[in-house]
Amino acid sequence: MTMSTTTREIRLKSRPHGLPTPDNFDLVETTLAAPSPGQLLVRNTWMSVDPYMRGRMVDRETYIPPFKLGEALEGAAVGVVERSNDPAFSIGDRVVHFSGWRDHAIVTASDATRITGTDIAPQTYLSALGFPGLTAYAGLMRIAEVKAGETIFVSAASGAVGSIVAQIAKSKGLRVVASVGSADKAKWLIDEVGVDAVINYRETPDLVAALAQAAPEGIDIYFDNVGGNHLEAALAIANVNARFVLCGMISGYNAEQPQAGPSNIFAAIEKRIRLQGLIGADHFDLSADFNRDMIGWLKAGQVKIRETVADGLENAPSAFIDLFKGANHGKMLVRLTTDAALSR
Ligand code: NAP
């Protein structure tokens, strides 16, 4: 294997206004540092692009600090240890860590998790077995406290989080009503996931009427990935004592002005609805149960994974931007190198 002396990373060049453009990003060639004691040099093989990264591009402190201008972006990635300066890791170990958006990463050993077992594709640790999967799991099991026989509405239902929500909910015996933005995604949810009803919101002039028709018994749970008109429709149709898992509101992420809240929020009082925000990373204490259950569901075929893959670090910005155009079906991933290239 030839050892590189330089590497590439994507830096935030400017803060986006509205939908990000490729001009907001810089692909930079930089010197490859050596790992200090307690560190690893990792050749990244896959990296994740996620909608929440849009929030980190705004200069505003939230639950996670903003990205700094002129510095490499970061996010979940998997890779292979090329040099180890820590006794707990060996060359060739596959690891998951948080230094994506670069071909190589210097990772503190305590920030890396070794991927064991060879029967699960490593990039699954960025989707079903990673943050999206844990977020779906925590939202359903801990916040929504799902029960068989209930009806759940999930938006962005063919995406990284939504597709896992829909599948766990089906395996728990819920009636699942899904919303997506294309006929292909709707077909997959009906044919492969077995959801009970799908709304293609792009072809639906009246979302409230469409949801009322898809869920004539009302909804007991809303798993919100979209916000905006989806949240309003869910409030309109919800049953008394419904639980709303507020996971994401992607319809407003590129808005240049603050977005008005749902005009019918008073329904939450009338119907005693519990609306609860969810940050997946708050629920690492569920990791053991989550890993056991998710590996079981994956092996039993109860959770199927869809991926949309862009190749090469240079295409990471466009893959990220495409999330806001609905170009992904399942988890949006960037493949940074292949196993064949790794062995050269
Ligand atoms: P994703 O669903 O895989 O990808 C985003 C999808 O959102 C797109 O494919 C598109 O699907 C849909 N979308 C984009 N713009 C939209 C719009 N204006 N209106 C309606 N739908 C739109 O992404 P993900 O990673 O699973 O994230 C989904 C949501 O969960 C996001 O809001 C994200 O911020 C949130 N999230 C939250 C946490 C947490 O800890 N709270 C963790 C992970 C994700 P369609 O073609 O169906 O429109």
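**Figure 1. The second largest pocket of this predicted model holds about 450 Å³ of space.** Let us start with its lining, which is made up of 18 residues. Val96, Thr113, Leu129, Gly130 and Phe284 are the ones closest to the pocket centre. By class, the lining divides into eleven nonpolar, five polar and two charged residues.

**Figure 2. Strands and helices both contribute to the lining of the second largest pocket.** At least two lining residues come from each of strand E5 (94-97), strand E7 (113-114), helix H2 (131-144) and helix H8 (287-300). Which of these elements gives the most to the lining? That is H8, with four residues. On the level of domains, domain 1 (5-124 + 305-343) and domain 2 (131-283 + 291-295) each supply at least three residues of the lining of this pocket.

**Figure 3. The ligand is surrounded by 27 residues.** Here you can look for Lys185, Tyr201, Leu278, Gly280 and Asn328, which are the closest to the ligand. The shell consists of 15 nonpolar, ten polar and two charged residues. Where does the ligand lie with respect to the domains? Both domain 1 (5-124 + 305-343) and domain 2 (131-283 + 291-295) give residues to the shell, so the ligand lies between them.

**Figure 4. Oxygen atoms of the ligand pair with polar atoms of Val161, Lys185 and Asn328.** At Val161 the partner is a polar backbone atom, 2.7 Å from an oxygen atom of the ligand. Lys185 takes part through its side chain, where an N or O atom is 2.6 Å from a ligand oxygen. A polar atom in the side chain of Asn328 lies 2.5 Å from an oxygen atom of the ligand. How much of the ligand does the protein bury? Taken alone, the ligand exposes 910 Å², and 91% of that is buried by the protein.

**Figure 5. The largest cavity encloses about 40 Å³ of space.** The count of cavities of 30 Å³ or more comes to one. Its lining is formed by Ser127, Ala128, Gly159, Ala160, Ser163, Ile164, Ile305, Arg306, Gly330 and Lys331. Helix H3 (residues 160-171) provides the largest share of this lining, with three residues. Sorted by class, the lining of the largest cavity has four nonpolar, four polar and two charged residues. As a last stop, trace the lining back to the domains: at least three residues come from each of domain 1 (5-124 + 305-343) and domain 2 (131-283 + 291-295).

Conventions: Residues numbered from 1 in each chain as written. Predicted model: local features only at pLDDT ≥ 70, side-chain atom pairs only at ≥ 80, totals over all residues. Heavy atoms only, no water. Near = heavy atom within 4 Å. Polar contact = N/O pair within 3.5 Å; in protein donor to acceptor, adjacent residues only side chain to side chain. Areas by Shrake-Rupley, 256 points an atom, 1.4 Å probe, with all protein chains shown as cover. Nonpolar A, V, L, I, M, F, W, Y, C, P; charged D, E, K, R; others polar. Domains from an automatic or database assignment. 1 Å grid on protein atoms, 1.4 Å probe; cavity = no way out; pocket = protein on both sides within 12 Å on 5 of 7 lines; lining within 4 Å. Points joined across faces, edges and corners; volume = space filled by probe spheres on them.
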